[in-house]
Amino acid sequence: MDEYDMVIIGSGPAGLTAAIYSGRQNFKTLVLEKALAGGTGLIVPLMENYPGFDMISGRKLIELMKIQTMKHAEIKEFEEVKKVEYNGDLLKISTTKASYMSKSVILATGSKHRFLNVPGEAEFLGRGVSYCATCDGPLFVGRRVLVVGGGNSAAQQAIYLDSIGVLVAMVHRRDELRAEIYLQKLLEDKDIPIIWNSELEKIKGDQLVQSAVLYNIKTDQKEEVITNGVFIAVGEIPANQVAKEMGVEIDERGGYIITDKGQRTNLPMVYAAGDITIGNNQWLIACSEGAVAALSAYNDIRIKK
Ligand code: NAP
């Protein structure tokens, strides 16, 4: 069984940064990723708040980070971690393909999108329903779509779709957005309509999406809106299954991993970083937590020796 100093689970901004920091301490480092490297970072349309880049897409930044990471660590994609357990002084990481031993583990498993669970959502997935504007937006150029949600992701997706020529309107359940003011101003500047106080009740169609039924919570009225697509961006839920099963302490309300300032969890030699931890889900913060986690592991292992 291959043995590592550090195994990082997840390869979003937190996982890749942790790998760079770990590898640079001469730690034999492995990153395990269940899909393509990048995680939800891949679906960020455009970032304007990452220092050093006036504007960069998530996909591009991940591409650059991945190249940099591979100088310092090994990345295995499409290999899902199923279990992490202690084996003597080491941790044993079992995946869909193999098992590895490691002196330390960083959980950087991020989050997954929340479903609305309305009729038509699952049925029309890939046939008009999407959770990723950068992946599916180009299919809707010149056509009508609704973006459901009022946070940063919904606002970013709506702005991106508008920028590529999709006829976009937002649907939000309240009369005020949660998105940051900068994004709200962009929505206003671009005249992107917002259907306020409305919940998506049903998605209808034949082979493809044709309309959506909205329920206005203020007027108690329903309206059927003609649309070719529905992009759902109603928040994220932490991908905490591996952490939960191995006994990592998790906050009961949100399901996020609790860490100390060094990104240490309650379990020895197990650290967590990025959107899986309590705190702001921001690219820069994920990177910072990844760096801190790797340095803590390095220092803790040195002290142990
Ligand atoms: P979010 O900030 O949690 O916003 C989710 C939105 O969906 C909220 O507006 C919420 O409405 C709405 N919503 C939730 N459940 C709903 C339901 N059942 N029906 C209808 N609407 C519902 O999620 P996010 O936008 O995906 O962002 C996730 C995290 O990533 C946040 O911390 C965010 O700040 C961060 N992020 C940051 C950036 C950036 O820095 N530019 C970009 C993207 C994401 P209410 O407002 O009424 O609760």
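Biologist: What makes Glu-224 and Lys-204 a salt bridge?

Modeller: The closest N and O atoms of Glu-224 and Lys-204 are 3.2 Å apart, and a salt bridge requires a side-chain nitrogen of Lys or Arg within 4 Å of a carboxyl oxygen of Asp or Glu, so the pair qualifies. The two belong to distant parts of the chain, with Glu-224 in strand E14 (residues 221–226) and Lys-204 in strand E12 (residues 198–205), 20 residues apart; strands (E, at least two residues) and helices (H or I, at least four) are DSSP runs, numbered from the N terminus. This is a predicted model, in which local features need pLDDT of at least 70 and side-chain atom pairs count only at pLDDT 80 or more, while totals for chains, interfaces and linings use all residues. Residues are numbered from 1 along each chain as its sequence is written, and side-chain values use heavy atoms, with hydrogens and water left out.

Biologist: Why is Glu-224 called partly exposed?

Modeller: Glu-224 has a relative accessible area of 43%, and because buried means under 20%, exposed over 50% and partly exposed in between (1.4 Å probe, protein chains only), the value falls in the middle class. Its partner Lys-204, with 31%, is partly exposed too.

Biologist: How do you know that Lys-60 and Glu-63 are separated by about one helical turn?

Modeller: Lys-60 and Glu-63 are three residues apart in helix H2 (residues 58–69), which means a separation of about one helical turn. Their closest N and O atoms are 3.3 Å apart, and the pair forms a salt bridge. Lys-60 is partly exposed at 36%, as is Glu-63 at 39%. The search of the whole structure finds twelve salt bridges, one of which joins Lys-76 to Glu-74 with closest N and O atoms 3.4 Å apart.

Biologist: What makes the link of Cys-132 and Cys-135 a disulfide?

Modeller: The sulfur atoms of Cys-132 and Cys-135 are 2.0 Å apart, and since a disulfide is a pair of cysteine sulfur atoms within 2.5 Å, the pair meets the rule. The count by this rule comes to one disulfide, and with 75 degrees about the S-S bond the link is right-handed. Cys-132 is buried at 8% relative accessible area, whereas Cys-135, at 40%, counts as partly exposed.

Biologist: Why is Cys-287 left without a bond to Cys-132?

Modeller: The closest cysteine sulfur to that of Cys-287 is in Cys-132, and it lies 19 Å away, so it is too far for a bond. Cys-287 is itself buried, with a relative accessible area of 9%.

Biologist: How do you know which residues surround the ligand?

Modeller: A residue is near a molecule if one of its heavy atoms lies within 4 Å of it, and 19 residues surround the ligand, the closest being Ser-153, Arg-173, Arg-174, Arg-178 and Gln-282. Helix H4 (residues 152–163) supplies the largest share of this shell, three residues.

Biologist: What makes the approach of Ser-153 to the ligand a polar contact?

Modeller: An N or O atom in the side chain of Ser-153 is 2.9 Å from an oxygen atom of the ligand, and a polar contact is a pair of N or O atoms within 3.5 Å (within protein, one must be able to donate a hydrogen and the other to accept it, and residues adjacent in sequence count only if both atoms are side-chain atoms), so the approach qualifies. A polar backbone atom of Gly-150 lies 3.0 Å from a ligand oxygen, and a polar side-chain atom of Asn-49 lies 3.2 Å from one.
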